[in-house]
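Colleague: I would like to go through this model with you slowly, asking at each step what lies behind the words you use.

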Amino acid sequence: MQWIFDFFGSSVGKKLMMALTGLCFIGFLTGHLIGNLTLYGGRDAFNAYAEHLHALGPVITLVEWGLLTLAAIHVFTGMLLFLQNLKARPVRYAINKSGGGRTISSALMPYTGFAILLFLIYHLLQFHFVDKTFTTIYDIVSLAFANVLNISFYIIAMVVVALHIRHGFWSLFQTLGANHPKYMPMVMGGSLVFSLIFGIGFGFLPVYISFSG
Amino acid sequence: MTKTINLTLKIWRQSGPGSKGRLETYIANTISTDMSFLEMLDVVNEQLTLDGKEPIAFDYDCREGICGQCGCVVNGRPHGPENGTTLCQLHMRHFSDGDTIFVEPFRARAFKIVKDLVIDRSPLDKIIQAGGYISASTGGCQDANAILIPQDTAEKAMDAAACIGCGACVAACPNASAMLFVSAKVSHLVLLPQGRPEAAQRVVSMLKTMDELCFGNCSNERECEAECPKEISIINIARMNREYIKAGIASTVQ
Amino acid sequence: MQLNANIPGGPLAQKWDRHRFELKLVNPANKRKFNIIVVGTGLAGGSAAASLAELGYNVKSFCIQDTPRRAHSIAAQGGINAAKNYQNEGDSIWRLFYDTVKGGDFRAREANVYRLAQISNEIIDQCVAQGVPFARDYGGLLANRSFGGAQVSRTFYARGQTGQQLLLGAYSALMRQVAQGRVTMFPRREMLDIVVIDGQARGIIVRNLITGETERHAADAVVMCTGGYGNVFFLSTNAMASNVTAAYRAHKKGALFANPCFTQIHPTCIPVHGTYQSKLTLMSESLRNDGRVWVPLKPGDDRRPGDIPEDERDYYLENKYPSFGNLVPRDVASRNSKEQCDKSKGVGETHLAVYLDFKDAIQRDGRDVIEKKYGNLFQMYEKITAENPYETPMMIYPAVHYTMGGLWVDYNLMSSVPGLFVLGEANFSDHGANRLGASALMQGLADGYFVIPYTIGGYLAGTPLKPVNTDHYEFKDADTAVNEMTRKLLDINGSRTVDDFHRELGMIMWDYCGMARNNDGLAKARGMIQKLREKFWRDVTIPGQGVDFNQSLERAGRVADFLEFAELMILDALERQESCGGHFNEGFQTDENEALRDDDNFCHVSAWEHRGAGEEPVMHKEPLVFENVKLTQRSYK
């Protein structure tokens with residue numbers, strides 16, 4: 001079993017962990033977004049969707065623990081990579097200029113990643129670890145998005161998520177070795193499309209709710 | 001027609017690996033725009049010598065863009081502002097009169113500074129020693145035409161093999177990673193049928209050595225391919241990742 | 001001194017086989033007891049060090065660059081010859097042999113050249129096995145192109161980077177041996193002397209270019225693969241670090257220097273454009289496959305090339321040499337460029353250039369075909385000159401490129417100092433008075449992969465070698481002398497830089513010992529060189545210290561040697577009262593201005609012996625015996 005540690009322990013191995021966990025999150029976000037679209041259906045639709053989820057019982061718990069594990073791997077590996085990368089160039093350049101490879105989203109990856117972690121904690125505290133005995137999830141959500149600060153915060157967070165996905169999506173294909181001149185343009189396009197879908201899809205919800213509520 | 005320009009240079013001076021370096025200012029006047037960047041530095045050095053000062057140490061050899069020995073970071077970019085160009089092939093016509101130019105050595109933890117702009121790139125040799133070869137001892141090889149290699153494959157191998165080992169990819173990488181260098185060699189050899197038998201061992205050993213030498217990790221920022229004087233593509237990095245996955249999952253290589 | 005080339009007997013085609021059989025062998029278990037020093041890591045040095053280590057010898061490999069992958073073999077663009085006859089054009093070992101001997105204007109040893117042609121095929125096999133990505137046809141077979149001096153396509157190539165790819169092959173083989181502990185690598189070392197003990201080469205003194213300290217290394221044999229001396233001309237296509245120092249210092253220790261005046265001026269280089277220029281850039285000879293060389297018909301025609309109509313252009317190579325056309329050998333092409341420029345038909349700002357035009361080839365084959373063949377060369381041209389060769393013709397002019405002369409070696413590649421072997425461009429053996437394109441790579445690799453592994457075994461097995469170590473007084477003396485010279489150079493504290501002297505020397509050599517020479521000019525140049533040398537030792541200024549990374553000091557030592565060596569070249573050129581190949585004495589030419597040989601008096605190798613400072617060197621003749629080819633006036637018409 002040592003080989004598993006060796007395999008994932010190398011620089012490429014760590015990147016593979018980032019890519020694989022990242023791929024899972026993209027899957028999760030897709031599901032999450034589809035689920036959240038029920039918000040457009042109003043209170044009943046959304047609450048029904050929530051009910052449905054909870055009815056899954058142990059499955060949902062399993063998924064939650066799974067996601068937590070993936071997140072732990074993604075965050076821990078990401079931090080390790082970030083620190084190693086910092087250490088790989090102890091003396092910085094006096095002048096830094098891009099040759100045209102970097103994008104804002106690729107340059108900010110570790111920082112958007114960290115920001116997403118903070119957002120996630122807030123998001124879970126706000127909507128997940130909350131007493132739902134005398135209320136429904138829809139009420140919590142609509143109450144939260146009655147506040148302009150909250151709305152702005154969520155929109156900014158979704159911009160950050162979009163940036164993270166903008167680079168993360170194609171990057172994970174590259175890391176997994178899927179770079180072919182025929183398909184890479186589609187992957188690059190996919191990267192943009194996904195980041196926009198997630199950014200707008202999630203980002204517009206608070207606005208919609210505050211107006212519809 | 002030849003025209004001349006005047007420049008202010010801010011050049012990194014450092015007397016040895018352990019000593020503290022600093023940027024120093026030099027004035028370079030009436031520099032012909034037909035000069036290469038290194039010839040411009042020659043002119044500065046000639047003047048420094050005549051003034052009884054120590055000339056700037058910088059590496060160079062072939063001065064035709066193929067040996068890979070030259071290279072500095074010019075205004076924040078390895079080998080300067082022109083794409084697909086080594087420093088010796090960068091001509092002063094790409095600068096304007098009155099420009100201030102910052103010249104720094106390639107910086108990475110793995111590359112120690114020898115003096116001024118001269119660095120120690122021996123870690124790249126160590127990576128090649130870990131497996132950047134085909135074990136074909138001299139003699140006893142079959143006829144060169146015995147194995148057909150599709151033209152397209154040979155061309156791809158050549159694209160990767162064009163690497164000159166200058167280290168600009170490391171210098172350009174925000175993480176000082178050597179992934180483009182390693183992947184170019186892995187790709188070159190793995191694309192050819194002759195290199196396939198050792199493919200798994202090669203990719204694992206070379207990557208392990210790269211990690212041990214304290215290069216950073218790839219985060220797909222693509223600065224390496226943007227700055228590579230031979231314009232080697234990150235498609236090679238993807239190919240290496242693929243080989244690594246194959247070697248890790250499907251082979252018994254340690 | 002009697003020179004014995006040790007050429008084996010028997011028919012030409014069997015000499016090498018026979019010799020290999022007769023050479024003594026070192027038992028595989030005993031090989032590890034022998035230490036071999038290899039200086040230089042180009043095609044010859046890299047392949048020799050790797051091959052010797054594979055056999056089991058302990059090898060120490062030295063190079064002047066920061067890594068062995070940078071030796072100047074890397075810059076060879078065009079290709080490597082082999083007699084594979086893959087194109088079914090009637091090529092054969094014999095034809096390659098004959099072309100090479102003829103191309104060298106019959107001033108090379110038959111036996112060496114034949115061996116070279118024999119080995120050429122194995123080299124291609126070896127390189128392909130190592131993963132050299134040679135160009136291939138659509139079907140996957142190896143592709144070939146033609147080169148100057150041959151009427152068959154026998155040149156294997158990897159785009160315009162053949163030298164690089166072959167060198168990386170040798171380098172990777174070397175790295176494999178380093179990893180296995182069979183080779184110890186010493187980069188950034190400059191060989192400054194050989195150590196001769198009891199008449200045998202037993203070690204070297206090197207300067208560690210980083211610390212500036214000297215180091216002593218002992219061995220049972222020394223293999224020098226230190227390249228050519230083209231930089232004596234200051235401007236050449238050689239790398240900046242290419243120098244004569246290692247060879248010249250070996251020469252001072254007793255190794256004879258053969259045919260130093262045989263230098264090759266390559267016809268297709270980018271013309272000189274300023275006094276600050278540090279080197280010249282070659283454009284591969286392969287360009288002459290598709291490019292047409294021309295000048296305006298009228299002298300002094302300053303119109304832009306596009307404005308000169310077809311009937312006012314002189315395609316002088318095609319007109320003068322209908323059967324070889326633009327593909328005449330290098331010396332012929334270079335001399336013709338000079339001739340046109342001397343007639344004021346030169347083009348460009350300096351009028352020291354001719355056109356190399358691809359318009360017809362682009363019209364015939366399409367731009368993409370030309371781009372595929374020469375794309376990187378065109379790109380390089382555009383980078384340097386800021387002109388687009390797809391649209392305006394290239395401008396080219398000859399430049400010093402290769403030196404056929406070198407340390408004298410016998411058939412075993414051993415110099416006149418026992419135990420000192422010399423390979424590649426550093427020796428003199430295979431190219432005569434002119435080297436054909438794509439033959440240098442062939443020779444370097446032949447020497448390193450397939451000759452030295454056998455011949456050095458014969459020497460080691462057949463020679464009693466006393467144990468020596470670096471405390472021996474010969475080591476101490478050599479070490480002291482090297483440091484003494486460094487101190488002397490640093491103490492001068494004059495007013496002119498090293499490059500300044502080098503540039504002046506180069507001008508003298510180019511003007512009087514370049515493409516065309518004459519006795520008066522050579523005699524004059526000799527005096528100028530002596531004066532310049534004297535001035536150098538009085539007035540050079542070298543900043544910095546000896547025990548430090550000091551590039552000015554490195555160059556100073558090299559220029560000091562060039563200043564002595566240049567005189568030897570002049571002497572050799574003066575002594576050879578004929579024209580042959582790259583040595584063109586204006587006093588000896590045919591009615592058609594071709595080189596006129598004097599086979600009765602000069603069909604020999606001139607091997608010079610150093611007799612100490614201030615003494616005239618002594619010339620020894622090795623007669624060249626041609627039993628298999630008939631000496632003819634070279635004709636490429």
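The conversation below takes up one helix, then two contacts between chains, then a pair of domains.

Modeller: Please keep in mind throughout that this is a predicted model.

Colleague: How do you know that the length of helix 9 of chain A agrees with what is expected?

Modeller: Helix 9 of chain A runs over residues 184–212, and at 1.5 Å a residue its 29 residues should span 42 Å. The C-alpha atoms at its ends are 41 Å apart, which agrees with that span.

Colleague: Where in helix 9 of chain A does a kink lie?

Modeller: The kink lies at A:Leu205, shortly before the proline A:Pro206, and amounts to about 25°. That value is the angle between two axes, one fitted to the seven residues ending at the residue in question and the other to the seven starting there.

Colleague: What makes a residue of helix 9 of chain A count as buried, and which residues are they?

Modeller: A residue is called buried if 20 or more other C-beta atoms lie within 10 Å of its own. In helix 9 of chain A the residues that meet this cut-off are A:Ser191, A:Phe194, A:Ser195, A:Phe198, A:Gly199, A:Leu205, A:Pro206 and A:Ile209. They pack against helix 2 (11–36), helix 7 (137–144) and helix 8 (148–175) of chain A.

Colleague: What makes you say that chain B and chain A are in contact?

Modeller: Two residues are in contact if their C-beta atoms lie within 7 Å, and on that basis the contact takes 39 residues from chain B and 34 residues from chain A. On the side of chain B, helix 8 gives the most, with 9 residues, and that side divides into 17 nonpolar, 9 polar and 13 charged residues.

Colleague: How many residues of chain B are in contact with chain C?

Modeller: There, 66 residues of chain B are in contact with 64 residues of chain C. Helix 1 of chain B gives the most to the side of chain B that touches chain C, with 7 residues, and this side holds 29 nonpolar, 22 polar and 15 charged residues.

Colleague: Which domains does the assignment give for chain C, and how do you know that they touch?

Modeller: The assignment gives domain 1 (266–400) and domain 2 (473–596), with 31 Å between their centres, taken over C-alpha atoms. They count as touching, with 6 residues from domain 1 and 6 residues from domain 2 in the contact. On the side of domain 1, helix 9 (residues 330–342) of chain C gives the most, with 5 residues.

Conventions
Residues are numbered from 1 along each chain as its sequence is written. Chains are lettered from A and ligands numbered from 1 in the order in which they are written. This is a predicted model: local features need pLDDT of at least 70, side-chain atom pairs count only at pLDDT 80 or more; totals for chains, interfaces and linings use all residues. Helices (H or I, at least four residues) and strands (E, at least two) are DSSP runs, numbered from the N terminus. Ala, Val, Leu, Ile, Met, Phe, Trp, Tyr, Cys and Pro count as nonpolar, Asp, Glu, Lys and Arg as charged, and the others, Gly among them, as polar. The expected span of a helix is 1.5 Å times one less than its number of residues. A residue is buried if 20 or more other C-beta atoms lie within 10 Å of its own, exposed if 12 or fewer, and partly exposed in between; C-beta atoms are placed from the backbone. Domain bounds come from an automatic or database domain assignment.
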